[in-house]
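Welcome to this short briefing. Take a moment to look over the sequence and the model, and then follow the points below.

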Amino acid sequence: ILDRQRAPTVQGLPLLKPGFYRVTVTPPAGFTATPTSVDIVVGCKATTQVQFRLDALPLLTVHKVVVNDDGGAATSSDFTLTVNGNPEPFGAPTVLSPGTSTIAESGPFGYDGTISGDCAADGTITLALGYDKTCVITNDDIAPTITLVKQVINDNGGTATTTDFTLT
């Protein structure tokens, strides 16, 4: 970084003492500048070049985990992933625009889903240029339950109540 206001100039360019200088530039948003150096030698005109690289668009990879520990039989292929409403494959990086994105899925009945990793529990994630983030959707099969309701109808003179019966 040259302080042009304090350095003597010739034809508007800074006049520098011989030596080794590091040149840095603040790039515009979305770009990265590669710092460079220049060696100033007496009697020579020095030129250097600063390279600007466009920052990479954000990447998001969503992995699927299916837990079948309560009798379920679903596989990851039974679930459909969407990112910002668009279908996407599990396990493959998706190139997105910077900003907030939302992941969601649909799949078979009987599974409880949770979202973890770099995504919030509601499936949202805020991405910036150069980000490479990973989220995980885990679906665990829900154990089956049965609820029995005993009704006693005493319409013919009976007096029994539900506590008079044993359920096994």
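Let's begin with one residue: lysine 64 counts as buried, because its relative accessibility is 14% and buried means under 20% relative accessible area, exposed over 50%, and partly exposed in between (1.4 Å probe, protein chains only). This is a predicted model, where local features need pLDDT of at least 70 and side-chain atom pairs count only at pLDDT 80 or more, while totals for chains, interfaces and linings use all residues. Residues are numbered from 1 along each chain as its sequence is written, and side-chain values use heavy atoms, with hydrogens and water left out.

**Lysine 64 and its partners**

- The structure holds one salt bridge, meaning a side-chain nitrogen of Lys or Arg within 4 Å of a carboxyl oxygen of Asp or Glu.
- Lysine 64 makes this contact with glutamate 105, and their closest N and O atoms are 2.6 Å apart.
- Glutamate 105 sits in strand β11 and lysine 64 in strand β7, so the salt bridge ties together parts that are 41 residues apart in sequence. (Strands here are DSSP runs of E, at least two residues; helices are runs of H or I, at least four residues; both are numbered from the N terminus.)
- Glutamate 105 is partly exposed, at 27% relative accessibility.
- Lysine 64 also lies over the face of phenylalanine 79, at 4.4 Å from the ring centre. (A charge sits over a ring if NZ of Lys or CZ of Arg is within 6 Å of the ring centre and within 35 degrees of the ring normal.)

**Aromatic rings**

- There is one aromatic pair, counted when the ring centres of Phe, Tyr or Trp (its six-membered ring) lie within 6.5 Å; planes under 30 degrees apart are stacked, over 60 edge-to-face, and the rest tilted.
- Phenylalanine 79 and tyrosine 111 have ring centres 5.8 Å apart and planes at 90°, so they are edge-to-face.
- Phenylalanine 79 belongs to the loop between β7 and β8 (80-83) and tyrosine 111 to strand β12, so this pair links parts that are 32 residues apart in sequence.
- Both phenylalanine 79 and tyrosine 111 are buried.
- Elsewhere, lysine 133 lies over the face of tyrosine 131, at 4.8 Å from the ring centre.

**Strands and sheets**

- Strands of a sheet pair through backbone hydrogen bonds, either parallel or antiparallel.
- Four strands make an open sheet in the order β10-β7-β14-β12, with mixed pairing; two strands count as paired if DSSP finds at least two bridges between them.
- Its edge strands are β10 (94-95) and β12 (111-117), each pairing on one side only.
- Strand β7 (residues 59-67) runs antiparallel to β10, joined by two bridges, and leucine 60 has threonine 94 in β10 as its bridge partner.
- Strand β11 (residues 99-106) pairs with β13 in the antiparallel sense over four bridges, with threonine 102 opposite threonine 124.
- Which residues of β13 (residues 124-127) are buried? Ile125 and Leu127 are, pointing to one face, while Thr124 and Thr126 point to the other and are not buried.

**On the surface**

- Val25, Phe31, Phe52 and Leu54 form a nonpolar surface patch with about 370 Å² of accessible area together.
- Phenylalanine 31, in strand β4 (residues 31-34), is partly exposed, with a relative accessible area of 36%.
- Patches join residues with over 30% relative accessible area and no salt bridge: like charges within 9 Å, nonpolar side chains (Val, Leu, Ile, Met, Phe, Trp, Tyr) within 5 Å. Accessible areas come from the Shrake-Rupley method with a 1.4 Å probe, and for residues only the protein chains shown count as cover.
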